[in-house]
Amino acid sequence: LETIRFCVPVPDYFTCVVCREVPLEPVEHSENGCHIVLCKPCHNSYVHHSNKTCPNCRTGNVLQDFRPMHRVLRVNYFETMTLRCKNSPHCDAVVSIANREQHETSCEFSPQPCPVRGCTHLVVRTMLAQHIYDMGIDHIEQMVNTFIPAREPNKASKSEAEAKSEITD
C-alpha cells in the first residue's frame, strides 16, 4: 500500500525496506538488533534471487530469520492504521488496514467494466450513464440490445402467419 494513502505518517518500521510501501503481509527480521520489515513479494523475490542474508544488516538466514510480524504488534498497531480508500478522491472513506479489503470491494466508486459488449472501458458505477452517453448512439443501441434481445425474423413471420390463420378459421 502506498504510504501517501495513510492519514498519518507511517513509521519506517512499517514500510518494506525494498519497495518502500506498507505491506499487507509483513515479515520482519529482528535478529542481531536489526528490525526491518519486508512485504511478501519483496521477500519472495529476494529469496528467489539466491540472497541468503538480510538486505539491511547482511547477516542471518533470510529463509529462517524472517517471520510474520509479531501478532501483538500487528493487531494492536499495524492493523489499526487508517488509510484513504483507493478510489479517492471520489470516495472519501477512511478505513483501517483490517477493514480495507471489505470496503474497497464494495465501494460504490470502484471502477467496473462497461457492460456494453466490446467496450473495454472501466467506469465508476455512478458515472456509467454519462459514459454511455459520451460514447454515442452506437453504445446506446448496443446497451439496449444487451437487455432487450432482438426478435428473430422467422419467428415473427411465423407468429403473424399463425395469427392470420386463426382469424380466418
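At 42% relative accessibility, Arg-20 counts as partly exposed, and this residue makes a good entry point into the predicted model described here. Arg-20 sits in the segment before S1. Its phi is near 65°, a positive value in a residue other than glycine. For background, most residues other than glycine have a negative phi, and most peptide bonds are trans. A second backbone feature of interest is found at Pro-89: the peptide bond from Ser-88 to Pro-89 is cis, with omega near 15°. Pro-89 belongs to the loop between strand S4 (82-84) and strand S5 (94-96).

With these two landmarks in place, the overall layout can be introduced. The protein chain contains seven helices and seven strands. Read from the N terminus on, its elements follow the order β-β-α-α-β-α-β-β-α-β-β-α-α-α. The chain has 169 residues, of which 31% count as buried. Among contacts between residues at least 6 apart in sequence, 33% join residues at least 24 apart.

One sheet deserves a closer look. It is an open sheet of three strands in the order S2-S1-S3, and the pairing is antiparallel. Strand S2 (36-38) and strand S3 (66-68) are the edge strands, each of which pairs on one side only. On average, and ignoring direction, neighbouring strands of this sheet are turned by 35° against each other. In general, strands of a sheet pair through backbone hydrogen bonds, either parallel or antiparallel. Here, strand S1 (residues 27-29) runs antiparallel to S3 and is joined to S3 by three bridges. Across this pairing, Glu-28 stands opposite Arg-67 in S3.

The loop between S1 and S2 holds Cys-34. This cysteine is buried, because its relative accessible area of 5% falls under the 20% cut-off. Leaving aside neighbours within four places in sequence, Cys-34 is in contact with His-29, Cys-54, Asn-56 and Cys-57. The C-alpha atoms of Cys-34 and Thr-59 are separated by 9.2 Å, although the two residues are 25 residues apart along the chain.

Cysteines appear at several of these places, yet the structure holds zero disulfides. Two further cysteines illustrate the point. The closest cysteine sulfur to that of Cys-19 is in Cys-16, at 3.8 Å, which is too far for a bond, because a disulfide requires sulfur atoms within 2.5 Å. Likewise, the sulfur of Cys-91 lies 3.7 Å from its closest cysteine sulfur, in Cys-107, and this is also too far for a bond. The surroundings of Cys-19 and Cys-91 can be set side by side: Cys-19 is partly exposed at 34% relative accessibility, whereas Cys-91 is buried, with a relative accessible area of 7%.

Attention now turns to the helices. In helix H1 (residues 40-48), the buried residues are Cys-42, His-43 and Tyr-46. Viewed down the axis of H1, the buried residues fall within an arc of 100°, so they line one face of the helix. The face turned away from this buried side carries the exposed residues Pro-41 and His-48.

Helix H3 (residues 71-76) includes Val-75. Val-75 is partly exposed, with a relative accessible area of 33%. Its C-alpha atom is separated by 8.7 Å from that of Ala-98, a residue 23 residues apart from Val-75 along the chain.

Helix H4 (residues 97-106) contains Glu-104. At 5% relative accessibility, Glu-104 counts as buried. Not counting residues up to four places away in sequence, Glu-104 touches Arg-5, Arg-84, Cys-85, Lys-86 and Ser-110.

Finally, a search of the whole structure for aromatic pairs finds one. This pair is formed by Tyr-13 and Phe-14 and is edge-to-face, at 5.5 Å centre to centre and with 80° between the planes. The edge-to-face label follows because the angle of 80° is over the 60 degrees needed for it. Within the pair, Tyr-13 is partly exposed, with a relative accessible area of 21%, whereas Phe-14 is buried, with a relative accessible area of 4%.

Methods:
Residues numbered from 1 in each chain as written. Predicted model: local features only at pLDDT ≥ 70, side-chain atom pairs only at ≥ 80, totals over all residues. Heavy atoms only, no water. Helix = DSSP H or I, 4+ residues; strand = E, 2+ residues; numbered from the N terminus. Buried < 20%, exposed > 50% of the residue type's maximum accessible area, 1.4 Å probe, protein only. Contact = heavy atoms within 4.5 Å. Phe/Tyr/Trp six-rings, centres within 6.5 Å; stacked < 30°, edge-to-face > 60°. Pairing = 2+ DSSP bridges. Axes fitted to C-alpha atoms, helices over the stretch in contact; angles between N-to-C directions. Arc of directions from axis to C-beta.
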